[in-house]
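Here are my notes on the model, set out as numbered points. Please read them with the sequence and the coordinates open.

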Amino acid sequence: MPELPEVEALAGYLRERAVGRRVDRVEVAAISALKTYDPAPSALSGRAVVDARRHGKFLDVVVDGGVHLVVHLARAGWLHYREAFPSTTPLRPGKGPVALRVRLDDGSGFDLTEAGTQKKLAVYLVTDPAQVPGVAKLGPDALGADLPTFAERLRSRRGQVKGVLTDQAVLSGVGNAYSDEILHAAKLSPFAITDRLTDDQLAALHAATRAVLGDAVRRSLGQRAAELKGEKRSGLKVHARTGLPCPVCGDTVREVSFADSSLQYCPTCQTGGKPLADRRLSRLVR
Ligand SMILES: [Zn+2]
């Protein structure tokens, strides 16, 4: 799932490549991905792309006249920039992974795609990004928040720190992968309870958030959209590395599984050497 660094890099790439170009036309192949009907996609035709921004994990392509194409890539969505499209034939609804195509006046453009069967990609055409419900409820940006704001936000919600850190209404931009990385860098258990965190632990969590996200943004910026996924994977220390050695201490990275997700952590770095209970396994045993 694209998180703050990848969406930031996609916005940066679009600012470099698409700003100044006019939209030739927008083709919608997955009607279910389009969450708004007014303005219609055809309203973008002839308008120039003037900016690309990020709100949390939402990408916002701004066109002339104050229309925003706001995209939430969800778990399996992605943006593919095309220097040229293979044909001028419009997309056929319901065929293939491309949900929406934006053609620009120089023959380039981008496809929004979604892999898999869970269709969660969401596209909104609005005149104000705050009209998108998910954008309206976003908390402060995880990378931009200073320590007092960060601490206040984390303490405002009592719960396991992993869940609170990925709650977009608390802080925006962090998802499953970077929260594993941030908690590892802060040497905190994913199950630590937020209102029991000490000032020192919160300061460490804040510093780790800035360091992990800042580093990922620096590595991602300037990368072409196609290279971002590999770049993200290469920087991970615990996320998606179950069974591999922790690069900090050499202990084996472990996993806790949930119904439709999992988290990874290092026992030596984060939980005093103790493995966390895997609820899926304990349910099987019971
Ligand atoms: Zn470790």
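1. In which sense, and over how many bridges, do strand E4 (residues 67-72) and E8 pair? In this predicted model, the two strands pair in the antiparallel sense, over five bridges. One residue pair can be given by name, since a reader may wish to look it up: His72 has Ala122, in E8, as its bridge partner.

2. This pairing belongs to an open sheet of four strands, which follow one another in the order E2-E3-E4-E8 with antiparallel pairing. Strand E2 (49-55) and strand E8 (122-126) are the edge strands, each of them pairing on one side only. On average, and with direction ignored, neighbouring strands of the sheet are turned by 20° against each other.

3. Helix H1 (residues 4-17) packs on this sheet, where it touches E2 and strand E3 (58-63), and the direction of H1 makes about 175° with that of E2.

4. The largest pocket has a volume of about 890 Å³. It is lined by 36 residues, of which Met1, Glu3, Gly175, Asn176 and Ala177 are the closest to its centre. By class, the lining comprises 13 nonpolar, twelve polar and eleven charged residues.

5. Elements that give two or more residues to the lining of this pocket include strand E5 (77-82), helix H5 (176-185) and strand E10 (262-265). H7 gives the most, with three residues.

6. The UniProt record, an unreviewed entry, carries the annotation "domain: FPG-type" for residues 237-271. Over residues 237-271 the chain is 11% helix and 23% strand, and the C-alpha atoms at the ends are 16 Å apart.

How values were computed:
Residues numbered from 1 in each chain as written. Predicted model: local features only at pLDDT ≥ 70, side-chain atom pairs only at ≥ 80, totals over all residues. Heavy atoms only, no water. Pairing = 2+ DSSP bridges. Axes fitted to C-alpha atoms, helices over the stretch in contact; angles between N-to-C directions. Contact = heavy atoms within 4.5 Å. UniProt positions renumbered as here; feature names shortened; annotations may be inferred. 1 Å grid on protein atoms, 1.4 Å probe; cavity = no way out; pocket = protein on both sides within 12 Å on 5 of 7 lines; lining within 4 Å. Points joined across faces, edges and corners; volume = space filled by probe spheres on them. Nonpolar A, V, L, I, M, F, W, Y, C, P; charged D, E, K, R; others polar.
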